[in-house]
Amino acid sequence: MSDPAKVRRHAERVRELVASVVRSQIKDPRLGMITITDARITADLREATVFYTVLGDAVAQADTAAALESAKGLLRSTVGKALGLRHSPTLTFVLDDVQDQVKHIDDLLAAARNADAEVQRLAAQAKYAGEPQPYRVDDEDDDNEADEADEVPDTPRGGEAR
């Protein structure tokens with residue numbers, strides 16, 4: 001098994017190489033505004049997954065995916081030569097939809113903020129449903145209990161009366 005630091009270095013190098021080749025050597029008109037965001041490589045250095053984003057709509061994303069698939073051989077040979085490994089890693093391209101996820105989370109947070117503001121607004125106008133003092137208070141019972149507590153017992157503590 002390979003050293004994890006070595007695997008990370010190779011993955012970073014794969015990302016840099018693929019980005020450089022896409023920018024300079026691939027002249028496919030289907031290739032849109034692409035950004036290589038990340039690359040991951042397996043511990044045996046045989047398979048690499050390259051994540052990318054594309055500026056544009058679904059058609060631009062599909063065209064870019066097709067262009068990357070057709071240029072996969074050139075990219076794999078370039079990566080294999082530059083890494084100097086016995087076996088060139090197989091490249092797999094995955095559309096990185098982080099931006100869509102971020103937009104979705106931002107929309108959810110905005111909706112939660114609006115709901116919290118509405119709850120605060122309603123709470124500020126709220127009034128109690130019952131009386132101001134919800135517990136029953138009997139003034140007569142309190143007076144009787146106070147009188148009983150003031151009485152002195154006839155018998156002394158700890159024994160019988162003499």
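Let's start with helix H2, whose buried residues are Ala 60, Thr 64, Ala 67 and Leu 68. Looking down the axis of H2, you find those buried residues within an arc of 100°, so they line one face of the helix. Turn to the other side of H2 and you meet Ala 58, Val 59 and Ser 70, which are exposed. Please keep in mind that this is a predicted model.

H2 has 13 residues, and from its first C-alpha to its last it reaches 18 Å, close to the 18 Å expected at 1.5 Å a residue. What do the buried residues of H2 pack against? They pack against H1, S1, S2, H3 and S3.

Let me pick out one residue from that buried face. Thr 64 has its place in helix H2. Is Thr 64 buried or exposed? Its relative accessibility is 0%, so Thr 64 counts as buried. If we leave aside the neighbours within four places in sequence, Thr 64 is in contact with Arg 30, Leu 31, Gly 32, Ile 34, Tyr 52 and Val 54.

Tyr 52 takes us nicely to the sheet. Three strands make up an open sheet, in the order S1-S2-S3, and the pairing is mixed. At the edges are strand S1, residues 33–41, and strand S3, residues 90–95, each pairing on one side only. On average, and ignoring direction, neighbouring strands of this sheet are turned by 30° against each other. Helix H2, residues 58–70, packs on the sheet and touches S1, S2 and S3; the direction of H2 makes about 145° with that of S2.

Now the two pairings, one at a time. S1 and S2 run antiparallel, joined by eight bridges. Within this pairing, Ile 41 stands opposite Ala 48 in S2. Strand S2, residues 47–55, pairs with S3 in the parallel sense, over six bridges. Here our Tyr 52 comes back, with Leu 95 in S3 as its bridge partner.

The connection between S1 and S2 deserves a moment. These two strands form a hairpin, with five residues between them. Which residue in the turn has a positive phi? That would be Leu 45, with a phi of about 60°, although Leu 45 is not a glycine. Leu 45 is found in the loop between S1 and S2, and yes, it is a loop residue that counts as buried, because its relative accessibility is 7% and the cut-off for buried is under 20%.

On to helix H1. The 21 residues of H1 should span 30 Å at 1.5 Å a residue, and the end C-alpha atoms of H1 are indeed 30 Å apart, which agrees. Which residues of H1 are buried? They are Val 7, His 10, Ala 11, Val 14, Leu 17, Val 18, Val 21 and Val 22. Around the axis these residues cover an arc of only 130°, which puts them on the same side of H1. The face turned away from that buried side carries the exposed residues Arg 8, Arg 9 and Arg 23. As for partners, the buried residues of H1 pack against S1, S2, H2, H3 and S3.

Val 18 gives a good view from inside. Not counting neighbours within four places in sequence, Val 18 is in contact with Ile 36, Val 50, Leu 75, Val 79 and Phe 93.

That brings me to the core. In soluble globular proteins, nonpolar side chains tend to be buried together. Here the largest nonpolar core has 27 residues, and Val 14, Val 18, Val 22, Leu 68, Leu 75 and Phe 93 touch the most other members. Which elements give two or more residues to this core? They are helix H1 (4–24), S1, S2, H2, helix H3 (72–83) and S3. H1 gives the most, with seven residues.

I'll finish in helix H3, where Gly 80 lies. Gly 80 is buried, with a relative accessible area of 9%. Along the chain, Gly 80 and Val 14 are 66 residues apart, and their C-alpha atoms are separated by 9.2 Å. Beyond residues up to four places away in sequence, Gly 80 touches Leu 85 and Ser 88.

Thanks, everyone, and I'm happy to go back to any of these residues on the screen.

Definitions and conventions
Residues numbered from 1 in each chain as written. Predicted model: local features only at pLDDT ≥ 70, side-chain atom pairs only at ≥ 80, totals over all residues. Heavy atoms only, no water. Pairing = 2+ DSSP bridges. Helix = DSSP H or I, 4+ residues; strand = E, 2+ residues; numbered from the N terminus. Axes fitted to C-alpha atoms, helices over the stretch in contact; angles between N-to-C directions. Contact = heavy atoms within 4.5 Å. Core = buried A, V, L, I, M, F, W, Y, C linked by side-chain atoms within 4.5 Å. Buried < 20%, exposed > 50% of the residue type's maximum accessible area, 1.4 Å probe, protein only. Expected span 1.5 Å × (residues − 1). Arc of directions from axis to C-beta.
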